[in-house]
Amino acid sequence: MSKNYKITPEQFRDLQHYNRMFEHHADGVSQLCDEERSDIEYGFTLGKLHSNLRDHYLDMSILLTKIVDQQ
């Protein structure tokens, strides 16, 4: 069973933003592996990545809920 959803231009813009951020974070992980770094640098970078991904996850979850709840 499928359902069609309508989204606003702002919601579509937000989805495009998350799409770009997934690519940005993937590039960040790739760059992290390009050269050897200190444990502190790895920890800081991974902590920042985790925090950003968690924020994007929560924001995207809210956006998806708004899309599903739209009449």
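In which helix is the place of H56? In this predicted model, H56 is found in helix α2, an element that comprises residues 39-69. The residue counts as buried, because its relative accessibility of 14% falls under the 20% cut-off applied to that class. When residues up to four places away in sequence are set aside, the contacts of H56 are with H17, Y18, M21 and H25. The C-alpha atom of F12, a residue 44 positions from H56 along the chain, is separated from that of H56 by 15 Å.

Among the residues touched by H56 is H25, whose place is in helix α1, the element formed by residues 9-32. H25 is likewise buried, since its relative accessible area is 7% and the class is defined by values under 20%. With residues up to four places away in sequence again excluded, H25 touches L49, N52, L53 and H56. The pairing of the two histidines is further described by a polar contact of 3.5 Å, which joins the side chain of H56 to that of H25. This polar contact thus links a side chain placed in helix α2 with one placed in helix α1.

The neighbouring position in the sequence, H24, also lies in helix α1, but its relative accessibility is 48%, and H24 is therefore assigned to the partly exposed class, which covers values between the 20% and 50% limits. For H24, a separation in sequence of 44 residues from V68 is accompanied by a C-alpha to C-alpha distance of 27 Å. For H56 and F12, which are also 44 residues apart along the chain, the corresponding C-alpha separation is 15 Å.

Charged side chains were considered next. Side chains of opposite charge can pair when their charged atoms come close. In the model, the count of salt bridges comes to one, and R13 forms a salt bridge with D14, in which the closest N and O atoms are 3.1 Å apart. R13 is partly exposed because its relative accessibility, 47%, lies between the limits of 20% and 50%. D14 is assigned to the partly exposed class as well, on account of a relative accessible area of 27%. The salt bridge between R13 and D14 therefore involves a partly exposed arginine and a partly exposed aspartate, whereas the polar contact between H56 and H25 involves residues that count as buried, at 14% for H56 and 7% for H25.

Definitions and conventions:
Residues are numbered from 1 along each chain as its sequence is written. This is a predicted model: local features need pLDDT of at least 70, side-chain atom pairs count only at pLDDT 80 or more; totals for chains, interfaces and linings use all residues. Side-chain values use heavy atoms; hydrogens and water are left out. Helices (H or I, at least four residues) and strands (E, at least two) are DSSP runs, numbered from the N terminus. Buried means under 20% relative accessible area, exposed over 50%, partly exposed in between (1.4 Å probe, protein chains only). Contact means heavy atoms within 4.5 Å. A polar contact is a pair of N or O atoms within 3.5 Å; within protein, one must be able to donate a hydrogen and the other to accept it, and residues adjacent in sequence count only if both atoms are side-chain atoms. A salt bridge is a side-chain nitrogen of Lys or Arg within 4 Å of a carboxyl oxygen of Asp or Glu.
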